[in-house]
Every structure is written in C-alpha cells, then in structure tokens.
Amino acid sequence: MSRELASGAATAPTLRVTPEDALIDVPRTIVARGLPAGPARLEVRMRHPDGSQWQAAAEFEVGADGVLDLDAQAPRAGDWTVPDAMAVAWALRRVDAPTAPQHSDATAAITLALALHAGPISLQAQLVQRFEADGVTRIELGDGLSGTRYVPASPGPHPAVIVFNGSGGGVARQRAALYAAHGYEAIALGYFKSPGRPDHISDTPLEYFETALRWVHARLKPARGFVALTGQSRGGELSLLLGARFPDLVSAVIAYVPSSVVHGTLRAGRPGQPPGEPAWTWRGEPLRSVWDGNPQADWTAFEARDAGSAPVRQAPAFVSAHRDAASVAAARIPVERIAGPVMLVSGTDDGFWPSSAYADEIARTLYRHEHRWPVEHVRCEGAGHSLGVPHVPATLIAKPHPVAGIVLDGGGTALANAQASRAAWAAMLRFLREAAA
C-alpha cells in the first residue's frame with residue numbers, strides 16, 4: 001500500500017532505524033513514513049545473550065502526514081509515555097528469565113526486532129546494539145590477574161581505564177569494551193566471582209589491586225601514564241579507596257553510586273558470615289568498616305524482617321549507620337589523598353544505599369581540602385541504584401542480588417534511570433576525555 005504525495009509521487013511505507021547498527025551508547029532515530037492516518041502499534045522483542053527474553057509495545061496515533069517519529073511523538077498508551085526513540089530499548093520488560101546467567105555481561109551484539117502495525121500495513125526493522133567496536137582486541141589477563149583487556153583498534157599507546165563490577169562480582173566486560181570503543185585501553189578486572197579469584201568479597205587484599213595497577217603501568221605503558229579507575233556501587237567504593245591508597249598510580253576516579261565510607265561484606269560475604277565482617281584488607285589487617293561497633297547501626301531494613309516476598313529496600317539501614325560520627329570518621333575513605341580529577345554519579349532515590357548523600361559528602365570533603373583537580377557530581381534526581389551504560393532495559397527495578405539471591409529494590413523508575421544513565425554516560429565520556437588530555 002502507498003500514499004499519494006502532494007506532488008503526485010507515491011511512496012512505499014517505510015520503517016527506518018538510523019543508524020541501524022552501532023555501539024549501544026549511540027542514540028538512534030526511528031521514523032515510519034507512508035502510514036495511514038489513525039492508530040498504530042509498535043512491538044519490540046529482544047533476546048539477551050544470557051537467554052532472557054524481553055518485549056515492549058506502545059500505541060500511537062498517526063496524523064494526516066503519515067509520519068511517526070518516535071523522538072517527536074509520545075505514545076497514547078503502552079510501556080513508555082514520552083517521545084524517545086530509545087524507549088524501544090530502555091522500556092523493554094523481561095518476560096523470560098535468563099537461561100545462561102553467566103553471560104549477563106557478555107559483549108555479544110544485541111538485536112532488537114521492531115514490528116509496526118498500522119491499518120493493513122505491517123513493517124519490520126531491527127536495531128543492533130554493540131559493545132565492541134570493529135578492530136577492538138580482547139586479551140584475557142594473566143600474571144595472577146583475573147579479567148579481560150580490551151585494546152582499541154587505533155595505534156597506541158592509549159590512556160587506560162580499569163573497570164570494576166560491584167557486589168555481584170564477576171568481570172565488567174560490557175563497560176570495558178565500550179571504553180575501548182572510545183579509544184581507551186580498558187581492563188575489566190575481576191576481584192571475586194571471576195576466574196582464579198574467590199567466590200566472595202570477604203577479606204579481599206588491596207595488594208591485589210596494587211599489583212594490577214603496577215602491571216598496567218609497567219606492561220601497557222599507557223599514554224601520558226594515565227590510568228583511571230571506575231566502578232559501580234561496591235566498585236565505586238573500591239575505586240575511591242584505591243585512588244586514595246595509591247595516589248601515585250591512579251590518575252582519575254569515576255565512581256558510580258559509590259560509598260563515602262568502607263563497608264563490610266554486606267550480601268557478598270561467605271555463607272553464614274555476618275554482613276559487617278571485613279571486605280577489604282591491607283597487609284593482612286582488615287580495614288575498619290562503618291558498622292564496626294557502631295551504636296547507631298540498625299540492620300532491620302537490611303535484614304528485612306517480616307518483609308515476606310516484597311523486594312527489600314535496604315537503604316535505611318545505611319542511613320542509620322551514618323548517624324554515628326565516630327564510626328563514620330573511623331571508616332571514612334580519605335578521598336582528599338586522590339591525586340587527580342574525581343567524578344561521582346548518584347541517584348537521589350537509591351534503594352540500595354544513600355549514594356547521593358555519600359557523593360555529596362565526598363564532594364564536600366574534596367572542596368574543603370581545596371582539591372587541585374576537577375570534582376564533578378552528577379546527581380540524578382529520582383534515579384535509583386542501577387545506573388550505567390545507556391540504552392539498556394531499565395524496567396528491572398527489583399532483582400535478586402547475584403550473590404545472596406535476595407530480591408532488592410534498587411529505587412528509581414525506568415524513565416528516571418534511563419535518562420540518568422544517558423546523561424551520566426555522556427558527562428563521563430567528556431570528563432574522561434578532559435582528564436586524559
């Protein structure tokens with residue numbers, strides 16, 4: 001079926017994604033033309049590399065011009081309510097659980113299948129999202145280190161970024177691959193639940209990370225000696241901790257939803273281990289956590305007594321621990337020792353822990369000590385704990401902790417988290433580019 005244009009020419013109905021195939025952090029336009037005026041339905045399906053199945057749908061009203069532009073027109077009903085072409089990705093809902101959860105951080109391409117139905121017309125298109133750019137090389141780490149190195153296609157040397165996961169452990173391959181796509185030699189460094197490492201975060205020695213930092217400097221010889229650290233949640237805490245512990249080896253820190261203090265093992269410790277037990281050690285001695293002997297600490301929200309099947313929003317427990325000034329002072333990460341720029345990303349509705357309050361505290365400490373390098377806090381209003389790579393499904397607000405299995409409420413909404421991830425990622429790339437210059 002076709003429509004007659006004013007000029008008398010005919011156009012066949014089309015549904016175009018531009019660009020159709022690109023890195024996952026590249027926004028796309030999605031425009032249909034030649035449609036009949038009236039209702040239209042867009043359906044999206046995606047199969048993740050971990051075997052999970054996702055879908056979304058939205059209803060639109062097409063005007064007399066026969067054009068449907070997802071960046072210009074909000075659905076009248078459906079899984080998203082705002083004009084945003086990338087809602088086809090972030091509004092996806094999981095309908096089948098993973099069959100291969102070990103591939104949750106795999107860097108295989110993800111294909112979204114789009115089907116548009118308008119009157120008698122049915123159109124199909126696809127949107128391909130990639131973590132790895134053409135020419136990027138993957139090298140598994142050795143020399144006692146666990147993880148994967150991603151080398152850009154362009155001639156080196158390149159500035160380097162070491163990327164950490166949080167309390168779920170494993171290897172942050174997706175984010176590392178994207179950093180490499182943007183010209184950084186990226187090392188996805190595992191420290192527990194990764195090959196050759198323990199299954200739990202308990203008593204993780206900071207010497208392991210010192211070894212990794214020295215290896216990166218000596219073996220990779222990054223451009224201008226630049227080595228940044230970045231991580232999410234416990235990985236954000238770790239990035240700040242290492243930046244303060246090894247200022248001569250760390251050039252910049254980017255901490256997503258971090259903590260301002262040292263915590264215990266929490267939900268990532270060995271079976272049966274209390275959550276306040278040490279997560280980090282240095283020279284055989286445990287680092288003191290904010291929970292050690294804290295008279296204000298109230299674990300009720302963390303333990304979720306009588307919560308039944310409802311997702312656990314544990315942030316109030318962390319707020320209680322922060323009420324004791326002496327405990328906070330004893331466990332404070334001395335961020336003023338970091339010898340380089342610091343970027344913080346937080347969500348004001350973080351259900352895991354109060355990342356915005358923590359990040360505010362870190363920024364105040366740096367300003368009070370007249371930190372000589374840039375300090376930036378991307379404070380995401382209404383967003384929760386799950387902030388990171390943009391244009392991924394943002395609807396799984398509550399999900400099981402990868403170690404403990406308890407379903408946690410991360411906070412925020414799909415829209416707020418998606419918008420925050422997009423804005424923070426763009427700010428992070430600009431920050432890193434300026435820091436590495």
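1. Contact is taken here to mean heavy atoms within 4.5 Å. On that footing, and in a model that is predicted, Gly183 is in contact with Pro152, His158 and Pro159, once its neighbours within four places in sequence are left aside. Gly183 itself sits in the loop between helix H2 (173-181) and strand E16 (185-190), and its relative accessibility of 22% makes it partly exposed, given that buried means under 20%. Between Gly183 and Arg433 the C-alpha to C-alpha distance is 9.7 Å, although 250 residues separate the two in sequence.

2. Strand E16, which follows that loop, belongs to an open sheet of eight strands, arranged in the order E13-E14-E16-E15-E18-E19-E22-E23 and with mixed pairing. The edges of this sheet are formed by E13 and E23, each of which pairs on one side only. Averaged over the sheet and with direction ignored, neighbouring strands are turned by 15° against each other.

3. At the E23 edge of the sheet, strand E22 (residues 342-347) and E23 run parallel and are joined by six bridges. Within this pairing, Ser346 has Arg379 of E23 as its bridge partner. Helix H4 (residues 234-245) lies across E22 as well as across strand E15 (160-164), strand E18 (227-232) and strand E19 (252-256), and it runs at about 150° to E18.

4. Arg379 deserves a second look, since apart from its bridge partner Ser346 it also forms a salt bridge with Asp360, in which the closest N and O atoms are 3.5 Å apart. Because Arg379 lies in strand E23 (residues 375-380) and Asp360 in helix H8 (residues 355-368), the pair ties together parts that are 19 residues apart in sequence. Both residues are partly exposed, Arg379 with 41% relative accessibility and Asp360 with a relative accessible area of 21%.

5. Turning to the other edge of the sheet, where E13 is found, one may ask which residue forms a salt bridge with Asp143. The partner is Arg219, and the closest N and O atoms of the two are 2.7 Å apart. This pair links distant parts of the chain, 76 residues apart, with Asp143 placed in the loop between strand E13 (137-140) and strand E14 (146-151) and Arg219 in helix H3 (residues 206-220). Asp143 counts as exposed because its relative accessibility is 51%, the threshold being over 50%, and Arg219 likewise counts as exposed at 53%.

6. A salt bridge within a helix is provided by Glu434 and Arg430, whose closest N and O atoms are 3.7 Å apart. The two residues are four places apart in helix H9 (residues 414-436), so they are separated by about one helical turn. Their accessibilities fall in separate classes, as Glu434 is exposed with a relative accessible area of 53%, whereas Arg430 is partly exposed at 26%. Elsewhere, Arg41, Glu43 and Glu59 are joined into one network by salt bridges that share partners.

7. As to the salt bridges overall, side chains of opposite charge can pair when their charged atoms come close. How many salt bridges does the model contain? The count comes to 18, under the rule that a side-chain nitrogen of Lys or Arg lies within 4 Å of a carboxyl oxygen of Asp or Glu. The pair of Glu434 and Arg430, at 3.7 Å, satisfies that cut-off of 4 Å, and so does the pair of Arg379 and Asp360, at 3.5 Å.

Conventions:
Residues numbered from 1 in each chain as written. Predicted model: local features only at pLDDT ≥ 70, side-chain atom pairs only at ≥ 80, totals over all residues. Heavy atoms only, no water. Buried < 20%, exposed > 50% of the residue type's maximum accessible area, 1.4 Å probe, protein only. Pairing = 2+ DSSP bridges. Axes fitted to C-alpha atoms, helices over the stretch in contact; angles between N-to-C directions.
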